[in-house]
Amino acid sequence: MSNSAPSFGVLLVNLGTPDSPTAPDVKKFLKQFLSDPRVVDLSPWIWKPILNGIILNTRPAKVAKLYQSIWWDEGSPLMVISQKQRDKLKALLAQTLGQTIPVELGMSYGNPSLQSGLDSLKAQGADKIFVLPLYAQYSCSTVAPVYDAIAELLKSERDIPELRFNKQYFDHPDYIKALAESVKNHWQAKGQAQVLLMSFHGVPLRYITEGDPYQAQCQATAELLAAELGLTEQQWRICFQSQFGKEEWIGPATDALLESLPKEGIKSVDIMCPAFSCDCLETLEEISQEGKEEFLEAGGERYEFIDCLNDSEPHIGLLAKIVEQQTKGWN
């Protein structure tokens, strides 16, 4: 294996997590997250008084309790899994490319920051950087902020690195196969429910009407996965979770669907979150815990949550394939 300077470095990016499940750390995280105009694009004159005067004084303690319900001994699930993804991807790239390729984490909000990730790659000799946001479906509220932040961070650099940026992988064959394998493994262990629900994170409807391709990409992922699994139209549904505020969001809403399905005679469901690359608050608490309560209270009888792809072998293989495909000419 070569000891020379690496051909390139990889920056894996996810949304982020509070440093601890305490109100002060959650408040710090929410302030950074909800201050991003890509996330909430209301006029600052309207939004900042709401954020600073109401939300940051009422939400942190409540959200901290939710984080406490899913926090692991090793730390935040998102952070623990992300570190495993980083380490396994680095090992696989070394195996497939025959050289050590630096792989670092950078979170859009919280720690480790995007700046620390870029600095670490630079310190390891990488003057070419491939930025890989861990969002299969592009949205102006998730992938675009990464692009914005990287550009802003490099504005002060005299010698910027050569950059390549992955926008999306919603229809990548290896992504669909990885999702399908996770479902099949779950069915083999737990049996198959009447319906497979694919719950994606929601966005305001206005984002879609203004040109965000996110909803169409979610629909494409769901259809490709259903086809890969050989499901009929009656055996799967798409839905969207995590809605907040008074603005209209894309639907159907996951919580409303869970409450309505038993009335249709659907008493057992399997539910997964294909838009999330690793389990986090929105999957482990909102879907695995709250969703189960909603479904059973509405008359459902069996509710099974399917883990995200996390650090599974097919997922790491997918990420390595994306890196290899998008860095041609660099190695």
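Here is a short walk through a predicted model, from a strand inside it to two patches on its surface.

Let's start with strand β5, residues 195-201. Of its 7 residues, 6 are buried, so the strand is largely enclosed by the rest of the structure. Buried here means under 20% relative accessible area.

Who are its partners? β5 pairs with strand β6, residues 236-241, and the two run parallel, joined by 6 bridges. If you want a spot to look at, find L197 in β5: the bridge partner in β6 is R237. β5 also pairs with strand β7, residues 268-272, again in the parallel sense, this time over 4 bridges. There, L196 has D270 of β7 as its bridge partner.

Now move out to the surface, where D255, E259, E290, E293 and E297 gather in a patch of negative charge. Two helices, α9 (254-260) and α10 (281-297), each supply at least two residues of this patch. The largest share comes from α10, with 3 residues. E293, for one, is found in α10.

The other patch to visit has a nonpolar character. It is formed on the surface by L42, W45, I46, I50 and I54, which together have about 570 Å² of accessible area. Take I50, which lies in helix α2, residues 44-70. Its relative accessibility is 32%, so I50 counts as partly exposed: that class sits between buried, under 20%, and exposed, over 50%. Patch members need over 30% relative accessible area, and I50 has 32%.

How values were computed: Residues numbered from 1 in each chain as written. Predicted model: local features only at pLDDT ≥ 70, side-chain atom pairs only at ≥ 80, totals over all residues. Heavy atoms only, no water. Patch = residues over 30% accessible without salt bridge, like charges linked within 9 Å, V, L, I, M, F, W, Y side chains within 5 Å. Areas by Shrake-Rupley, 256 points an atom, 1.4 Å probe, with all protein chains shown as cover. Salt bridge = Lys/Arg side-chain N within 4 Å of Asp/Glu carboxyl O. Lys, Arg positive; Asp, Glu negative; His and termini not counted. Charge placed at Lys NZ, Arg CZ, Asp CG, Glu CD. Buried < 20%, exposed > 50% of the residue type's maximum accessible area, 1.4 Å probe, protein only. Pairing = 2+ DSSP bridges.
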